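Trainee: Pick one part of this model and take me through it closely. Then follow its links to whatever lies around it.

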Amino acid sequence: IEEAVLYGKSGNPVVRYKEQKDLEQEKKVYALDLQFDRTAIRSAVEAQGEQYNVEAIEASMTKEDDGFQIVSGQIGYIVNEDASVNLIAEALTSWDGQPAEIRLQVDVAEPKGTAEELSLVKDVLGTYTTSFSSSATERSGNVRNGTKLINGTLLYPGDTFSAYETVSPFTEENGYYLAGSYLNGMVVESLGGGICQVSSTLYNAVIRAELQVDERYNHSMIVGYVQLSADAAISGTYKDFKFTNSSEYPIYIEGYTTDDKKITFTIYGVETRPANRTIEFESVELSKTEPEGEKVIEDSAQPAGYISVQSAHIGYVGELWKVVKIDGTETERTQLNKSTYTASPKTATVGTAASDPSITTMLQAAIATGSIDYCKSIISQLNAAAADAVAAGAAQ
């Protein structure tokens with residue numbers, strides 16, 4: 001427009017005169033080069049194309065008492081935004097202003113896996129069972145809940161499983177209770193306490209299926225439900241148990257608990273290992289550290305008179321080895337991991353909260369001695385004095 005306005009009105013006099021005379025003979029026509037805001041086009045495609053997206057549904061399977069039930073997958077259709085933006089821009093460039101139709105580019109999304117592929121999944125690749133018979137109601141509930149959340153997991157070749165992502169969040173809404181768990185060498189109450197027995201049991205099934213372990217951590221102290229160095233702790237996002245389906249076929253994870261408080265994980269897939277090949281696992285103790293002395297910890301949030309004693313824990317360094325045998329003869333021995341468990345002395349936690357500052361001071365002095373028995377004697381004296389005061393008040 002600017003160029004047209006200035007035509008015949010700019011430049012030297014000769015040029016201006018010639019341009020004005022030319023206009024008397026014929027029109028000056030400017031060819032328009034249309035350009036479009038591709039960001040605006042993309043926004044329209046994103047906003048309106050979403051309604052046409054149909055996500056692919058993967059083939060799935062569940063295990064029933066009479067075997068596996070398989071559900072076929074469904075093809076998905078997804079609008080290709082980049083290709084669709086190009087189509088619209090090209091159409092607008094030659095648009096004549098009349099109503100027009102532009103077909104968006106749609107890609108076919110094939111579902112992962114087929115019913116035929118899943119029908120092959122029937123062989124037991126690895127299984128393991130542990131007992132939680134000594135667990136209280138709350139911890140038992142956590143073990144059962146975590147097992148239920150993992151049960152039915154289907155992994156295709158190359159898929160990675162995260163125990164933490166599968167069983168979290170650790171909330172009451174997600175089925176968890178307060179129960180004991182390890183934290184910095186201490187047993188503390190936390191939502192989901194006991195969930196590490198779930199991940200440890202699964203870990204032992206995974207290594208027997210000989211799948212690829214990507215991430216595994218031992219506990220800070222030893223546990224009683226698996227052998228030394230055969231545990232797999234999870235804690236927050238910094239300790240997780242992860243593995244990848246490194247087989248050529250899908251795998252299915254079955255997990256269940258029994259009334260007599262046992263937990264079992266079984267991994268099903270397609271067995272490709274020779275029938276005369278067997279594997280065993282050996283836990284080796286490298287060193288043992290006896291805990292020394294005892295420790296007393298103050299807890300100002302607990303009332304005076306409160307005391308909780310945790311037994312001592314022996315420290316260990318251990319290794320877990322996989323032993324491969326062909327026709328009963330050892331042919332391969334591989335170290336899977338090396339784990340260090342911290343020794344922890346007998347520890348007492350003593351409450352010091354009191355309305356009378358002298359009582360708090362007395363308890364803190366007892367704690368400073370580091371003697372659990374002495375702390376118990378002071379607490380007994382305080383409890384006896386409190387009982388006498390109550391009796392005297394009642395007598396009056």
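Mentor: Two strands count as paired when DSSP finds at least two bridges between them. Keep in mind that this is a predicted model.

Start with strand β17, residues 315-326. Of its 12 residues, 10 are buried, so the rest of the structure largely encloses this strand. Buried here means a relative accessible area under 20%.

Now take its partners. Strands of a sheet pair through backbone hydrogen bonds, in either a parallel or an antiparallel way. Strand β14, residues 277-289, pairs with β17 in the antiparallel sense, over 12 bridges. For a fixed point in that pairing, take Ser287: its bridge partner in β17 is Val317. β17 also pairs with strand β18, residues 329-341. That pairing is antiparallel too, and it runs over 11 bridges. Here Trp321 has Gln335 of β18 as its bridge partner.

Look next at the turn. β17 and β18 make a hairpin with two residues between the strands. Asp327 in this hairpin takes a positive phi near 55°. Most residues other than glycine have a negative phi. Keep that in mind for later.

Side chains come next. In a regular strand they alternate between the two faces of the sheet. One residue to follow is Leu320, which helps line the largest cavity. The other lining residues are Tyr128, Asn204, Ile207, Arg208, Gln227, Ala230 and Phe281. The volume of this cavity is about 40 Å³. The model has one cavity of 30 Å³ or more. By class, five lining residues are nonpolar, two are polar and one is charged. Helix α8, residues 195-208, gives the most to the lining, with three residues.

So much for the cavity; α8 leads on to another sheet. There, three strands form an open sheet in the order β7-β11-β10, with antiparallel pairing. β7 (160-162) and β10 (212-215) are the edge strands. Each has a single partner strand, so one side of each has no neighbour in the sheet. From one strand to the next, the twist averages 25°. α8 packs on this sheet and touches β7, β10 and β11. The direction of α8 makes about 140° with that of β10. Within the sheet, β7 and strand β11 (residues 242-244) pair over three bridges. Thr160 has Thr244 in β11 as its bridge partner.

Finish with the backbone in the loops. Between α8 and β10, the loop holds Glu210. Glu210 is not a glycine, yet it has a positive phi of about 60°. Glu210 is partly exposed, at 22% relative accessible area. Ser229 sits in the loop between β10 and β11. Ser229 is not a glycine either, and its phi is positive, about 75°. Ser229 is buried, with a relative accessible area of 0%.

One peptide bond also deserves a check. Most peptide bonds are trans. The bond from Ser168 to Pro169 is cis, with omega near 5°. Pro169 lies in the loop between α7 (163-167) and β8 (178-183).

Notes: Residues are numbered from 1 along each chain as its sequence is written. This is a predicted model: local features need pLDDT of at least 70, side-chain atom pairs count only at pLDDT 80 or more; totals for chains, interfaces and linings use all residues. Side-chain values use heavy atoms; hydrogens and water are left out. Buried means under 20% relative accessible area, exposed over 50%, partly exposed in between (1.4 Å probe, protein chains only). Helices (H or I, at least four residues) and strands (E, at least two) are DSSP runs, numbered from the N terminus. On a 1 Å grid over the protein atoms alone, a cavity is a set of points where a 1.4 Å probe fits but cannot get out, and a pocket is an open set with protein on both sides within 12 Å along at least five of seven lines; lining residues have an atom within 4 Å of a point. Grid points are joined across faces, edges and corners, and a volume is the space filled by probe spheres set on the points. Ala, Val, Leu, Ile, Met, Phe, Trp, Tyr, Cys and Pro count as nonpolar, Asp, Glu, Lys and Arg as charged, and the others, Gly among them, as polar. Axes are lines fitted to C-alpha atoms, for helices over the stretch in contact, and angles run from 0 to 180 degrees between N-to-C directions. Contact means heavy atoms within 4.5 Å.
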